[in-house]
Amino acid sequence: MERARSDMPPTPEKTPALCQFLGAYLHQDWPIEFDDEWAALDRFIEESAELASHLPIEIESALGEHHAESDLRAFLVAQGCNYVPDPDKGGYRGWLTEIARRVEATLARDNRS
């Protein structure tokens, strides 16, 4: 059995939630459609809750595989990401960690309702 290489380009089969969120919601025109990146995330959760529930796991995997900020950026850009987080607020690593936190909190709140 061939082992997956971390330098291989991401695929929708491996990271379907990240591919969908980054490519369909944070595409090159996302600032026209959304007030900020969090509004895009909220819409993704609203429209694709089942898929969004996989984001925290995919993010944890991506953070484990891509340690350098430049590698993480390249990984996200390859998935269609056109958002650039503020380096003073944790860069890509901090941004992804916050996405996972928000998804988990939103889904937990929705499940209690």
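**Helix packing in a predicted model**

User: What sign does the phi of Gly80 have, and what value is phi near, where Gly80 follows H6?

Analyst: In this predicted model, Gly80 comes after the helix H6. The phi angle of Gly80 is positive, and its value lies near 100°.

User: Which residues of H6 are buried, and which exposed residues are carried by the face turned away from them?

Analyst: The buried residues of H6 are Leu72, Phe75 and Leu76. They span an arc of only 95° around the axis, which means that they lie on the same side of H6. The face of H6 turned away from that buried side carries two exposed residues, Ser70 and Ala78.

User: Which helices are included in what covers the buried residues of H6?

Analyst: Leu72, Phe75 and Leu76 are the residues of H6 that are buried, and contacts from other helices help to cover them. The cover includes H1, H5 and H7.

User: Which residues of helix H5 are buried, and how wide an arc do they cover around the axis?

Analyst: Helix H5 runs over residues 55-65, and its buried residues are Leu55, Pro56, Glu58, Ile59, Ala62 and Leu63. Because their arc around the axis is limited, they sit on the same side of H5, whereas Ile57 and Glu60 are exposed on the other side. An α-helix has 3.6 residues a turn, so residues three or four places apart point the same way. The arc covered by the buried residues of H5 is only 160°.

User: Which helices are included in what covers the buried residues of H5?

Analyst: The buried side of H5 includes Leu55 and Leu63, and contacts from several helices contribute to its cover. Among the covering elements are H1 (16-25), H3 (37-47), H4 (49-52), H6 (69-78) and H7 (91-112).

User: At roughly what angle do the axes of H5 and H7 cross, and what is the handedness of the crossing?

Analyst: The two axes come within 9 Å of each other and cross at roughly 160°. Because angles over 145 degrees count as roughly antiparallel, H5 is roughly antiparallel to H7. The crossing in which H5 passes H7 is left-handed.

User: Which residues of H7 do Leu55, Pro56, Ile59 and Leu63 in H5 meet?

Analyst: Leu55, Pro56, Ile59 and Leu63 are among the buried residues of H5, and H7 is part of what covers that buried set. On the H7 side, the residues they meet are Arg93, Leu96, Thr97, Ile99, Ala100, Val103 and Glu104.

User: How many disulfides does a search of the whole structure find?

Analyst: Cys19 is buried at a relative accessible area of 16%, and Cys81 is also buried, at 6% relative accessibility. For the whole structure, the number of disulfides found by the search is 0.

Notes: Residues are numbered from 1 along each chain as its sequence is written. This is a predicted model: local features need pLDDT of at least 70, side-chain atom pairs count only at pLDDT 80 or more; totals for chains, interfaces and linings use all residues. Side-chain values use heavy atoms; hydrogens and water are left out. Buried means under 20% relative accessible area, exposed over 50%, partly exposed in between (1.4 Å probe, protein chains only). Helices (H or I, at least four residues) and strands (E, at least two) are DSSP runs, numbered from the N terminus. The arc is that of the directions from the helix axis to the C-beta atoms. Contact means heavy atoms within 4.5 Å. A disulfide is a pair of cysteine sulfur atoms within 2.5 Å. Axes are lines fitted to C-alpha atoms, for helices over the stretch in contact, and angles run from 0 to 180 degrees between N-to-C directions. Angles under 35 degrees count as roughly parallel, over 145 as roughly antiparallel, 65 to 115 as roughly perpendicular and the rest as oblique. A crossing is left-handed if the near helix is turned anticlockwise from the far one by less than a right angle, and right-handed if clockwise.
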